[in-house]
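Reader: I am new to this structure and would like to learn how to read it. Where should we begin?

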Number of protein chains: 2
Amino acid sequence: MRSVTRDTITQAFLDYCGPETDPRLKSVLESLVRHLHAFAVENNLTHAEWRKGLELLTKAGDITDSERNEFVLFSDVLGLSSLVDMINSPDEGTPSSVLGPFHMLGAPDLAVGGDMKGDNVGDTVIVTGTVCEPDGKPIAGAEIEIWQTADNGLYSNQDPDQSEYNLRGHMVVGEDGRYLFTTVRPSPYAVPDDGPVGELLHATGRDPWRPSHLHFIITAPGFRSLVTEVFPSDDPYLDVDAVFGVREKLIMIYEKQSAGDAIPDGLAAADALTDPYYKVDFDFVLVREA
Amino acid sequence: MRSVTRDTITQAFLDYCGPETDPRLKSVLESLVRHLHAFAVENNLTHAEWRKGLELLTKAGDITDSERNEFVLFSDVLGLSSLVDMINSPDEGTPSSVLGPFHMLGAPDLAVGGDMKGDNVGDTVIVTGTVCEPDGKPIAGAEIEIWQTADNGLYSNQDPDQSEYNLRGHMVVGEDGRYLFTTVRPSPYAVPDDGPVGELLHATGRDPWRPSHLHFIITAPGFRSLVTEVFPSDDPYLDVDAVFGVREKLIMIYEKQSAGDAIPDGLAAADALTDPYYKVDFDFVLVREA
């Protein structure tokens with residue numbers, strides 16, 4: 001187009017896309033550019049503001065490395081990551097929630113009933129439930145990956161004082177779909193706020209904190225994989241999660257237990273339980289692949 | 001918010017912004033997040049597509065350094081840079097156009113009538129016109145910065161074979177507002193397409209080329225500064241400018257001249273003109289500051 005104007009530039013962009021462009025790519029780009037242009041026009045965006053945006057992206061690039069991706073963090077604190085999770089989460093199953101940057105492949109096997117707490121400091125939690133279909137039918141052989149923070153709010157791959165796979169496990173459930181393990185109560189933690197994402201959080205008076213949670217990935221042949229996290233109902237940060245990961249259905253109740261209470265069958269660490277300890281019961285509902 | 005959903009996450013983001021948030025920042029962020037979320041929902045964005053977008057941003061960070069900013073280039077090829085120019089360009093004046101990444105401070109002085117071509121290879125062009133107000137009144141003492149590519153399509157700061165300030169000049173016009181200089185005809189060039197921007201251009205069958213142009217920054221006390229570029233009417237890339245910089249009013253006609261034609265008064269290089277040479281006449285209209 002020889003002469004673009006405010007009114008023709010969006011169409012000019014679309015006209016530039018050649019006939020060989022993948023239809024899905026073209027449609028996503030069309031939507032992206034319409035929104036981007038509308039954003040600039042609606043706000044009468046100044047050059048200084050445009051430069052500020054580019055400066056934040058450039059700083060995000062500078063701080064990003066193999067251990068930390070500031071673009072993912074921007075997506076998280078703007079609610080985009082959670083929205084993509086919700087868009088792709090089937091209504092009938094357990095809601096998905098953010099994967100986060102701390103997942104590691106290769107977690108050690110943990111038998112049903114096994115102990116993941118080891119010598120970690122903090123309150124003990126018994127976590128149990130069933131992996132099942134929406135009608136409650138157990139999914140035999142489902143695999144569960146679990147990872148979480150230690151009492152200091154750090155994951156093992158953030159903390160040189162933890163062993164490589166501390167508080168990470170991989171469990172295969174039996175015919176009854178039941179999972180069960182002991183662990184330490186996870187701790188809340190703040191997302192990194194020393195980069196451009198922090199600049200945004202500070203400028204808007206936002207909290208960098210996330211409520212404590214246990215991460216889970218549940219897979220089973222023939223079912224849609226579930227990436228999620230579950231939160232204790234008494235966490236002080238439930239209402240201000242910096243990355244918008246909390247869903248009503250992902251809140252679980254930590255029931256305070258004492259020595260007199262029934263201990264689930266098959267718990268390896270049963271004899272080591274000391275007051276107080278907690279028990280949470282949470283079922284994961286998987287949906288069959290289309 | 002304890003439990004965000006697809007329908008509440010945008011409001012949750014807005015509610016997170018504290019009362020101390022600068023009102024303009026809050027309003028721009030509100031618009032940004034509304035568009036970002038609507039974009040994801042409209043397209044039912046998949047996790048794979050979300051990851052692809054983050055991967056492109058991460059790659060842009062990797063390739064960005066002090067000499068090259070891939071985020072600016074993304075803004076350019078998506079039409080955002082040009083749109084911001086147009087939003088901030090007063091209708092009564094000469095349209096602005098992209099500054100680009102090749103401007104350098106400290107260009108050498110060039111007298112009115114001076115020669116910028118020196119020993120550069122290529123056709124000679126006489127460039128002249130007036131810096132004036134919308135009613136045609138000359139703006140005495142206006143300052144003009146000029147920069148352009150050499151015949152090989154490279155700017156001096158891209159090309160170790162050119163002297164530092166080759167084809168760059170700084171001119172102050174007299175009482176009549178008239179500017180005049182000789183230079184070499186600029187050449188088209190391709191924006192860098194070996195990074196993620198190139199990936200986008202290739203996937204959409206787009207040309208990385210920009211039509212040839214002369215860059216200008218015009219300043220005068222009491223007037224809004226003008227950053228612009230002017231294009232020859234016969235350039236083969238006028239209709240496909242990769243960065244959407246072409247405006248109807250920024251196209252100038254290169255008039256082919258021959259020895260018999262009148263040469264403007266005061267042209268330092270008048271005796272060195274050889275056939276063919278070109279003449280372009282282009283007035284810059286500045287608007288008073290509000």
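Author: Begin with contact: two residues are in contact if their C-beta atoms, placed from the backbone, lie within 7 Å. The model here is predicted. Leaving aside neighbours within four places in sequence, Gly177(A) is in contact with Thr130(A), Val131(A), Cys132(A), Pro138(A), Ile139(A), Ala140(A) and Ala142(A).

Reader: Where does Gly177(A) lie?

Author: Gly177(A) sits in the loop between strand 4 (168–172) and strand 5 (178–184) of chain A. Its C-alpha atom is separated by 5.0 Å from that of Val131(A), although the two are 46 residues apart along the chain.

Reader: Is Gly177(A) buried or exposed?

Author: The cut-off for a buried residue is 20 or more other C-beta atoms within 10 Å of its own. Gly177(A) has 22 C-beta neighbours inside 10 Å, so it counts as buried.

Reader: How many residues does each chain bring to the contact between chain A and chain B?

Author: Chain B brings 65 residues and chain A brings 64 residues. On the side of chain B that touches chain A, helix 2 of chain B gives the most, with 14 residues. By class, that side of chain B has 35 nonpolar, 21 polar and nine charged residues.

Reader: How do I read a helix such as helix 2 of chain B, and which of its residues are buried?

Author: An α-helix has 3.6 residues a turn, so residues three or four places apart point the same way. In helix 2 of chain B the buried residues are Val33(B), His35(B), Leu36(B), Phe39(B) and Ala40(B). They cover an arc of only 165° around the axis, which puts them on the same side of helix 2 of chain B. Their cover includes helix 2 (23–42) and helix 5 (80–87) of chain A, together with helix 1 of chain B. Just after helix 2 of chain B, Asn44(B) takes a positive phi of about 45°.

Reader: How are the two chains related?

Author: Two copies of a chain are related by a rotation about an axis and a shift along it. Here a turn of 180° and a shift of 0.0 Å along the axis lay chain B on chain A with an RMSD of 0.0 Å. The two copies are thus related as by a two-fold rotation axis. In chain B, the C-alpha nearest the axis belongs to Gly61(B), 1.9 Å from it. The same surface serves both copies, as 98% of the contact residues of chain B recur in chain A.

How values were computed
Residues numbered from 1 in each chain as written. Chains lettered and ligands numbered in written order. Predicted model: local features only at pLDDT ≥ 70, side-chain atom pairs only at ≥ 80, totals over all residues. Helix = DSSP H or I, 4+ residues; strand = E, 2+ residues; numbered from the N terminus. Nonpolar A, V, L, I, M, F, W, Y, C, P; charged D, E, K, R; others polar. Buried ≥ 20, exposed ≤ 12 C-beta atoms within 10 Å, placed from the backbone. Arc of directions from axis to C-beta. Least-squares fit on C-alpha atoms with pLDDT ≥ 70 in both.
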